[in-house]
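User: Hey, got a minute to walk through a model with me? I'd like to start with the strands and then jump around a bit.

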Amino acid sequence: MGEQSRRLPRPKGTPPMSIRDHDSSPLSSRPSPPALRRTNPQVGTSPTTTHHRSRAAGLILALVLSGCSSDRPPAPSATSSSPTSAAGDTTGEERGSTADPEEVATNLQAPWSIAFYKGTALVSERDSARILEVDDERPAQPREVTTVAGVSASGEGGLLGLSVRGDSLFAYFTAESDNRIQRFPLRTGSDGVELGSPETIVDGIAKAGFHNGGRLAFGPDGMLYATVGDAGNQDSAQERESLSGSILRMKPDGTVPEDNPFPDSLVFSYGHRNPQGLAWDDDGTMYASEFGQDTWDELNIIEPGGNYGWPEVEGISEDGADGGDFIDPVQQWRPDEASPSGIAISDDRLLIANLRGQVLRTVPLSDLAEAEVAYAGEFGRLRDVVSGPEGEIWLLTNNTDGRGDPAADDDRILHIPADFSTDD
Ligand SMILES: [Ca+2]
């Protein structure tokens, strides 16, 4: 809705301080440095080490010299591109996939998030504020469970993340004056899932046309986590007393857990620009994806109380620039190749849904420096990826959000097998 109007090229010489709606379409006219548009992921060796810039710069140079030029946007059904390598390693990305996707929902409007209640998939639509129940026997006919009252959709704001715990549904949405989190009782009625009256558990989160964050997920500790964007106020990300530019951790009733890193604060980590993906591995390590501005999108390992640098640093810190105050991403990508929203973990792989990049990216948990891609360009923009109740992977496309090029049945939910391949 009206998002294209903000997709303006930045005049030469303008410092990168403007709010940019980063997850825009690859059809965007926004210029990017041609020599750097087709780069491999950049890597940080640990979340607490900050001196990787020279290595990253060397890797970029190696790629430029090896003729790794842009070929974006990827053609539909792209089959392969030669894995590129730097310094003889295998950090190249491979394209192609062997698994046939299965459509389980079609004709969704700007869908944003998937959550499961007793095996039933619930899907949020950002602009309509509807929550839909998906019946994979009837892909064209998702059932409307409810329209969430009080949603004020505009730009990137609207009904965003959903999460289910027990018999409660949690929803993060943009209201008239703020972003807020509500809790709804859930039950299974004669026609399907039913929602009871909501209770607002957190409100007063700054809203804006962009950078609303919005992902909700329960951690292995039973706490509810929420990603919150900077809402266009960059400096707020460094203000610990502000909820903006943070990842929040709360009890299911919205109160502050006694063991949060800062007393009487929901802030679990800060210095974020617009994080939209959350996942935990079996060891309890917490991961988050984050939209950068013009330079680097990030994959971070989240530590309690951690400062992730925005707006002082975007991506991996320059040598010595931060005095070691900021936690670097473990991997970073150019925004036009990535723009990562939802993430999930399946079979020891981290899966990342990418909007502008239009790929499902995989990162092996055994080596966070690696990455491969699957389904390049095949489904368009991807907003969310979820590991379903039976281990299958659910992909949520996002071509109707005002920045995509929707196909006839878009947007869609697709099933792919957990063992989908990124190999040719
Ligand atoms: Ca960062």
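**Strands, a pocket and a calcium ion**

Analyst: Sure. Strand β21 (residues 349-354) is joined to β20 by five bridges, and the two run antiparallel. Strands here are DSSP runs of E, at least two residues, numbered from the N terminus, and two strands pair if DSSP finds at least two bridges between them. This is a predicted model, so local features need pLDDT of at least 70 and side-chain atom pairs count only at pLDDT 80 or more, while totals for chains, interfaces and linings use all residues. Residues are numbered from 1 along each chain as its sequence is written, and side-chain values use heavy atoms, with hydrogens and water left out.

User: Which residue stands opposite Leu350 in β21?

Analyst: That's Ile345.

User: And what order do the strands of that open sheet come in?

Analyst: β20-β21-β22-β23, four strands with antiparallel pairing. The edges are β20 (340-346) and β23 (372-374), each pairing on one side only.

User: Switching topic: is β14 buried or exposed?

Analyst: Five of the five residues of β14 (residues 246-250) are buried, so this strand is largely enclosed by the rest of the structure. Buried means under 20% relative accessible area, with a 1.4 Å probe and protein chains only. Ser246, Leu248 and Met250 cover one side, Ile247 and Arg249 the other.

User: Why do they split like that?

Analyst: In a regular strand the side chains alternate between the two faces of the sheet.

User: What does β14 pair with?

Analyst: Strand β13 (residues 224-228) joins β14 through five bridges, antiparallel, with Tyr225 opposite Arg249. Strand β15 (residues 267-270) joins β14 through three, also antiparallel, and there Val267 is the bridge partner of Leu248.

User: OK, pockets. How much space is in the largest one?

Analyst: About 730 Å³, as the space filled by probe spheres set on grid points joined across faces, edges and corners. A pocket is an open set of points on a 1 Å grid over the protein atoms alone, where a 1.4 Å probe fits, with protein on both sides within 12 Å along at least five of seven lines; lining residues have an atom within 4 Å of a point.

User: Who lines that pocket?

Analyst: There are 32 lining residues, with Ala217, Leu278, Ile343, Val386 and Ser387 nearest the centre. β16 gives the most, five residues.

User: Last one: what holds the calcium ion?

Analyst: Its protein donors are Glu298 (OE), Glu298 (OE) and Tyr308 (O), 2.3 to 2.5 Å away. Donors are N, O and S atoms within 2.8 Å of the metal (3.2 Å for Na, K and Ca), and water is not among the atoms, so sites may look incomplete. Both Glu298 and Tyr308 are buried.

Notes. Buried means under 20% relative accessible area, exposed over 50%, partly exposed in between (1.4 Å probe, protein chains only).
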